[in-house]
Amino acid sequence: MEETTSVRRKPTIRDVAAAAGVSRGTVSRVINGGHWVSPDARIAVEDAIRRTGYTANHAARSLATGRANSLAFLLTEPQHLLFADPTFALLLRGAAEALAQRSMTLVLLVAGTPAERASVTHFVSAGHVDGVLLISSHESDPLLEELLGAGVPTVSCGIPLGHDVQLPTVSVDEEGSARTMTRYLREQGHRRIAMIAGPADTPGGRYRLVGFQSEMGDAFDPALVEVGDYSQESGAVAMGRLLERGGDMDAVFAASDLMAAGAIAAARRAGLRVPEDIAIAGFDDSGLAATHEPPLTTMRQPWEQLSEQMVSLVLEVIAGRSPAAVTLPTTLVVRASA
């Protein structure tokens, strides 16, 4: 007796539409990013895809639509910072989750050197991604103009400095957040408050210092300001300089949790107790703050919202719309360090 083999037909969009009780056009819109689809229809289609075992042919869809169905997470910093700075990992995770919900792919790109920047510009200009999530920008870096000049839809995390370009941005209220932290420290009775600011060519570095200075008013002392690069080592170095200078500080506001941790280490080496002798606060609430000893008082950034808003905005640009800039609030988190 001859054995027969049954070959199961591969499910199609028509099968998914029938299983979901919607049109093929609705299925197609869900698969291609979910624009103009009601939540109920999206849930029905996603459930039908799971039940039928449908798998989209991404290569064929890319040829048909002219889309890569992917976005780039572009970090314009040295590669080691991707792993050393927890803020980048939080943004990366949030972006990956936001794209997974839309059945899209996230491509990680790092452009910390001129050679890497040239390679990245060529890659994205060739259409390998549909848009770019620009995670950091520096005032003198020409990459932003290169991306926009090549017609690549781009959304910036933070307001880029020194770039006369129009593009959507997603940021926190840097100046207002710094004012909130400074006001809190003053309300605790601190008067000689120093700041370890971030690099002046970054929005966080510039606007957090502006907020600190504004809130300090006549009590602002430029001799109590040092600049770091957001790293823990730079925070320790900056704190060492402040301590060498004297100045009788009773509190320090660092523009990142990593710099605050470095400042605490330097203060301890100098024989100071935190917070008994000097209060030290940070910015980010990136995970380090809660586990540090002592736990850090800090300004919490809404990491998931930042990533989700960036993805949403760049998809609007890809769809031909001009979304407005988004500014998100931060939250003061009081812990033991200040």
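A polar contact is a pair of N or O atoms within 3.5 Å, of which, within protein, one must be able to donate a hydrogen and the other to accept it. In the predicted model described here, such a contact of 3.1 Å joins the side chains of Thr121 and Glu146. Thr121 is found in helix α7, which covers residues 114-125. Its relative accessible area is 15%; because residues under 20% count as buried, Thr121 is classed as buried. When residues up to four places away in sequence are not counted, Thr121 touches Leu143 and Glu146. Glu146 is thus both a polar partner of the Thr121 side chain and one of the residues that Thr121 touches.

A second threonine, Thr154, is placed in strand β4, residues 154-157. Thr154 is buried, with a relative accessible area of 3%. A polar atom of the Thr154 side chain lies 2.9 Å from the backbone oxygen of Val152. Apart from residues up to four places away in sequence, Thr154 touches Val132, Leu134, Leu144, Leu147, Leu148, Leu167, Pro168 and Val314.

With regard to overall organisation, the protein chain is divided into three parts: domain 1 (13-56), domain 2 (70-171 + 304-329) and domain 3 (174-300). Domain 2 is given as two segments, 70-171 and 304-329. The C-alpha centres of domain 1 and domain 2 lie 29 Å apart.

The largest nonpolar core has 41 residues, and those with the most contacts inside it are Ile196, Met239 and Ile280. At least two residues of this core are supplied by each of the helices α9 (174-187), α10 (203-216), α11 (232-244) and α12 (257-269), and likewise by each of the strands β6 (193-197), β8 (251-254) and β9 (279-281). Helix α12 provides the largest share of the core, six residues. A second, separate core comprises 28 residues, including Met104, Leu133, Ile135 and Trp303. In the largest core, Ile280 is one of the residues with the most contacts. Leaving aside neighbours within four places in sequence, Ile280 is in contact with Met239, Val252, Ala260, Ala263, Ile264, Ala267, Val274, Ser337 and Ala338. Met239, itself among the residues with the most contacts inside the core, is therefore also a contact partner of Ile280, given that contact means heavy atoms within 4.5 Å.

Aromatic side chains were examined next. A search of the whole structure finds one aromatic pair. This pair is formed by Phe212 and Phe220 and is edge-to-face, with 6.1 Å from centre to centre and 75° between the planes. Phe212 is buried, its relative accessible area being 1%. A further arrangement involves a charged residue: Arg208 lies over the face of Phe283, at 3.7 Å from the ring centre.

Two cis peptide bonds to proline were identified, one of which joins Val274 and Pro275, with omega about 10°. Pro275 is found in the loop between α12 and β9. Val274, on the other side of this bond, is among the contacts of Ile280. The peptide bond from Glu293 to Pro294 is also cis, with omega near 0°. Pro294 lies in the loop between α13 (288-291) and β10 (298-300).

Positive phi values in residues other than glycine were found at Asn69 and at Tyr230. For Asn69, phi is near 60°. Asn69 lies in the loop between α4 (58-65) and β1 (70-75), and at 8% relative accessibility it counts as buried. For Tyr230, phi is near 80°. The place of Tyr230 is in the loop between β7 (225-227) and α11. Tyr230 counts as buried because its relative accessibility is 18%, under the 20% limit.

Helix α11 also contains Glu233. At 63% relative accessibility, Glu233 counts as exposed. Glu233 and Ile193 are 40 residues apart in sequence and 21 Å apart in space, C-alpha to C-alpha.

How values were computed. Residues numbered from 1 in each chain as written. Predicted model: local features only at pLDDT ≥ 70, side-chain atom pairs only at ≥ 80, totals over all residues. Heavy atoms only, no water. Core = buried A, V, L, I, M, F, W, Y, C linked by side-chain atoms within 4.5 Å. Buried < 20%, exposed > 50% of the residue type's maximum accessible area, 1.4 Å probe, protein only. Helix = DSSP H or I, 4+ residues; strand = E, 2+ residues; numbered from the N terminus. Phe/Tyr/Trp six-rings, centres within 6.5 Å; stacked < 30°, edge-to-face > 60°. Lys NZ or Arg CZ within 6 Å of the ring centre and 35° of its normal. Domains from an automatic or database assignment.
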